[in-house]
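Let's take a walk through this structure, ring by ring. Have a look at it first, and then we'll go through it together.

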Amino acid sequence: MSTQKVIVSGYEVSQIPEALLTSTSPSNTPPPAKLTPAIPWWARIGLSLVALCFPLLCIVTVILRIAFRAETPRIKFAWTGFLATLLIVSGLFMLLVGTIAFYIAPAPIITGSGLADLDERASFPTLPTPTALTSVEASAKLKPLVIVVSPSATRLWSHAQTDAPSNTFGAGELLHADKDGYLFVTAKHVAQLPLGRFGAKASHVLLSTQEGTWGTADIIATADQLDLALLWLPRHTGTLAFTQPLTAISDGAAVFVIGHPEGLKYTLSTGIVSGFRDQAIQISAAVSPGNSGGPVYDDHGNLAGIVSSKFDRNQDANAENLSFAVKPAALLTPDVWHFAAGGRDRLQSYINALHSTK
């Protein structure tokens with residue numbers, strides 16, 4: 001089909017009615033069809049309320065993802081973006097609410113300034129016994145004198161700054177009880193970890209007896225070279241007195257060791273004194289982590305040592321029953337101790353009580 005070029009002059013253009021020139025303007029074209037929203041408004045509001053409960057939102061999300069798997073890409077894309085946004089917002093909201101609730105909620109009281117079960121104890125054993133103790137008698141008489149010692153761990157995210165037992169613990173031994181409180185001895189590495197928060201050494205520990213309640217005790221003295229620490233726990237009721245006798249044990253003598261090896265609390269093991277190594281007593285009784293700081297008794301209930309270490313089997317796997325304890329003579333030598341407030345007086349009271357019972 002042939003075409004012809006038509007030339008229109010400016011005059012002819014000016015004679016064309018204006019209505020014809022504007023007849024094809026966009027305003028006169030019919031509007032395009034409007035798409036329906038991929039997510040109805042009521043669904044947005046309803047799911048926004050569900051977002052207040054994150055677990056419920058997760059369940060609803062899974063259901064909707066399955067329900068819309070056959071829908072058009074436009075609808076699936078819209079729902080995927082909307083649900084993803086809700087999940088992120090809901091997760092952050094739950095994290096914020098949980099943090100605020102944990103900070104504001106009062107921490108459960110698991111420690112106290114004293115030990116009620118110790119205050120209310122009806123009696124302490126009379127030591128030393130006139131006859132040698134059997135293992136059964138030693139367990140009954142001496143275990144109530146042993147405590148669990150745990151370095152305190154401050155609870156994070158808590159406004160109350162309450163203490164809780166740490167993940168590690170050792171043993172300790174009651175030395176003296178009077179109307180004011182209780183004096184215990186343990187190993188320094190049990191009571192005082194190398195570094196506390198911000199590099200400061202802790203000034204107190206948590207103690208418990210066989211009954212399981214925890215009390216807060218002050219570290220009133222440490223003997224760095226001997227790896228020993230003295231602990232003081234105040235007393236609230238009762239006046240029952242007790243003084244733990246000491247002994248310089250002989251080579252080959254029978255001993256009882258009580259501690260909490262590998263978390264097995266109040267385990268009794270027996271052995272003999274195998275030898276003496278400078279300030280340490282070598283014993284054959286089984287010792288494991290958790291025994292540190294615990295007592296070594298002779299067969300009359302005298303304190304013969306404080307467990308400090310054992311031979312490291314990583315150096316020699318054949319090493320067995322090579323355990324060591326510190327001689328209790330250090331308890332009678334105030335010069336080896338670095339005292340905190342009141343520590344010297346507490347130790348001197350124990351020494352005086354020892355002398356008065358002889």
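**Rings and the core around them**

Both Tyr182 and Phe184 are buried, that is, under 20% relative accessible area with a 1.4 Å probe and protein chains only (over 50% would be exposed, and in between partly exposed). Before going on, note that this is a predicted model, where local features need pLDDT of at least 70, side-chain atom pairs count only at pLDDT 80 or more, and totals for chains, interfaces and linings use all residues. Residues are numbered from 1 along each chain as its sequence is written, and side-chain values use heavy atoms, leaving out hydrogens and water.

Now for the rings: the structure holds four aromatic pairs. Rings of Phe, Tyr and Trp (its six-membered ring) pair if their centres lie within 6.5 Å; planes under 30 degrees apart count as stacked, over 60 as edge-to-face and the rest as tilted. Phe124 and Phe242 have ring centres 5.4 Å apart and planes at 35°, so this pair is tilted. Both of these residues, Phe124 and Phe242, are buried. Tyr182 and Phe184 make a tilted pair too, at 6.4 Å centre to centre and 35° between the planes. Elsewhere, ring pairs link Phe68, Trp79 and Phe82 into a cluster.

Phe184 turns up again in the largest nonpolar core (buried Ala, Val, Leu, Ile, Met, Phe, Trp, Tyr and Cys residues joined through side-chain atoms within 4.5 Å), which has 54 residues. Phe184, Leu207, Leu230 and Leu231 have the most contacts inside this core. Not counting residues up to four places away in sequence, Leu231 touches (heavy atoms within 4.5 Å) residues including Tyr182, Phe184 and Leu207.
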